[in-house]
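Reader: I am new to this structure and would like a close look at a single part of it. Please take me through that part slowly.

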Amino acid sequence: MVDDDGDPAEAVEVGEAVEIGDELPADLDVTAFVGPYTFPDNARRRVQGALYLALALGCVVIRWVAGPEAVLVNDGYLVVAAALTAWGLYCLVAGTRLAFDETAALTAAVHHVGFPVGHASAQLGWRGLRSRPTWRILLYSADQPPSKRGFLLIDGSDGEVLADFVEDNPEDWSTLT
């Protein structure tokens, strides 16, 4: 008997208990945590954009070399080249660099709201047709229980505060103290 790797499989006696279990992939194993998570940069889209443009150029060259009498190469190559060019240009335009990381966005939010911040969280999202990276920051004041809370949108490219909403905390925390 041979297993999937081509190695001889071990014989198992009838009635013998065999432990079968799942295993987490190495990148999801929390015991191997080595530092903070780094968000991927949108600028990676520029690589795909350049590849799409190169493929579009290849389609045009193939059509041009094949000539008007070619059987298998027709004007469909030019249609595909136009679509690849449009998508490649979009990828180049949407490849906005993420210049402000989570820590910088949280720092900008703390400076903007004007009160000491306790608990806070940041989530990266994208806005608009150009897919500009935008941090969504939720924060609470540092006092116990928190008397204020806020929500901010911060541009991930230049750190500009796009929108903010700060209010007195309407939640009742009296039963938790």
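How many residues does helix H1 have, and how far does helix H1 reach from its first C-alpha to its last?

Author: This is a predicted model, in which local features need pLDDT of at least 70 and side-chain atom pairs count only at pLDDT 80 or more, while totals for chains, interfaces and linings use all residues. Residues are numbered from 1 along each chain as its sequence is written, and side-chain values use heavy atoms, with hydrogens and water left out.

Helix H1, where helices are DSSP runs of H or I with at least four residues, numbered from the N terminus, covers residues 45-66 and has 22 residues. From its first C-alpha to its last, H1 reaches 32 Å, which is close to the 32 Å expected at 1.5 Å a residue; that expected span is 1.5 Å times one less than the number of residues.

The buried residues of H1 (buried means under 20% relative accessible area, exposed over 50%, with a 1.4 Å probe and protein chains only) are Gly49, Ala56, Cys59 and Arg63. These residues cover an arc of only 80° around the axis, which puts them on the same side of H1; the arc is that of the directions from the helix axis to the C-beta atoms. On the other side of H1, by contrast, Val47, Leu51, Leu57 and Val65 are exposed.

As for what covers the buried residues of H1, helix H2 (76-93) is included. Finally, just after H1, glycine 67 takes a positive phi of about 85°.

Definitions and conventions: Helices (H or I, at least four residues) and strands (E, at least two) are DSSP runs, numbered from the N terminus. Contact means heavy atoms within 4.5 Å.
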